[in-house]
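The following exercises concern a predicted model. Please work through each task with the structure in view before reading its solution.

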Amino acid sequence: MTGLLLLLALNASDTLSKVQVADLSLKLPSSKDWKAEETQEANGKTRAVSSADGEAQIDISVFAVDPRRDAQVCVDQLLKALGPEGYEATTVGGAPAFKKISVDFVGEGEEAKKNDANKVNTVSYVGCNGQTKWVMSMTSKASKAARFGVLLKRVVESIAYGGK
């Protein structure tokens with residue numbers, strides 16, 4: 001029982017709500033503990049949400065594919081443009097995608113790398129269904145990996161093409 005209460009308390013501020021970013025539908029954090037910003041670009045849309053405490057941020061950019069092409073060809077081209085090192089194949093929203101996890105340190109100099117409080121995880125996804133392509137990343141403090149890993153899993157599982 002205590003574990004359940006702890007879990008609920010940790011995730012209380014991570015309520016997800018359905019949003020539309022161009023032709024992609026997904027659920028993103030949407031409470032007073034998160035702030036959101038959407039940007040219209042010449043060829044797509046970007047939405048960013050960040051925790052008020054500065055411990056995590058999710059950015060997603062969505063673009064139309066012109067001309068339309070096979071989903072696997074599209075995601076392979078996207079991955080080639082980004083640099084394929086470290087990505088693993090997966091499926092998101094029923095279409096091909098790739099995922100990459102990287103660890104880094106914020107701050108300057110070697111001292112920053114000696115302090116675990118400066119360690120951050122970035123999980124990046126790229127995907128395409130042949131008519132819509134997208135790039136998403138979540139950066140969060142490594143010390144909060146349990147909380148934000150669960151949150152990102154929920155976000156990724158909610159992704160649907162065509163605004164479904």
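**Exercise 1.** Determine which cysteines form a disulfide, and describe the link.

*Solution.*
Step 1. The sulfur atoms of Cys74 and Cys128 lie 2.0 Å apart. A disulfide is assigned to cysteine sulfur atoms within 2.5 Å, so Cys74 and Cys128 form a disulfide.
Step 2. The partners come from distant parts of the chain, 54 residues apart: Cys74 belongs to helix α2 (residues 71-82), and Cys128 belongs to strand β8 (residues 119-128).
Step 3. The angle about the S-S bond is 90°, and the link of Cys74 and Cys128 is right-handed.
Step 4. Under the same cut-off, the count is one disulfide.

**Exercise 2.** Are Cys74 and Cys128 buried or exposed?

*Solution.*
The criterion for a buried residue is under 20% relative accessible area. Cys74 and Cys128 are both buried.

**Exercise 3.** Establish the strand order of the sheet that contains β1, β2 and β10, and identify its edges.

*Solution.*
Step 1. The three strands form an open sheet, ordered β1-β2-β10, with antiparallel pairing.
Step 2. The edge positions are held by β1 (16-21) and β10 (160-161); each has a single partner strand, so one side of each lacks a neighbour in the sheet.
Step 3. Two bridges join β2 (residues 24-29) to β10 in the antiparallel sense. In particular, Leu24 has Tyr161 of β10 as its bridge partner.

**Exercise 4.** Which strands does helix α4 lie across?

*Solution.*
Helix α4 (residues 145-157) lies across β1 and β2. Relative to β2, helix α4 runs at about 160°.

Key
Residues are numbered from 1 along each chain as its sequence is written. This is a predicted model: local features need pLDDT of at least 70, side-chain atom pairs count only at pLDDT 80 or more; totals for chains, interfaces and linings use all residues. Side-chain values use heavy atoms; hydrogens and water are left out. Two strands pair if DSSP finds at least two bridges between them. Helices (H or I, at least four residues) and strands (E, at least two) are DSSP runs, numbered from the N terminus. Contact means heavy atoms within 4.5 Å. Axes are lines fitted to C-alpha atoms, for helices over the stretch in contact, and angles run from 0 to 180 degrees between N-to-C directions. Buried means under 20% relative accessible area, exposed over 50%, partly exposed in between (1.4 Å probe, protein chains only).
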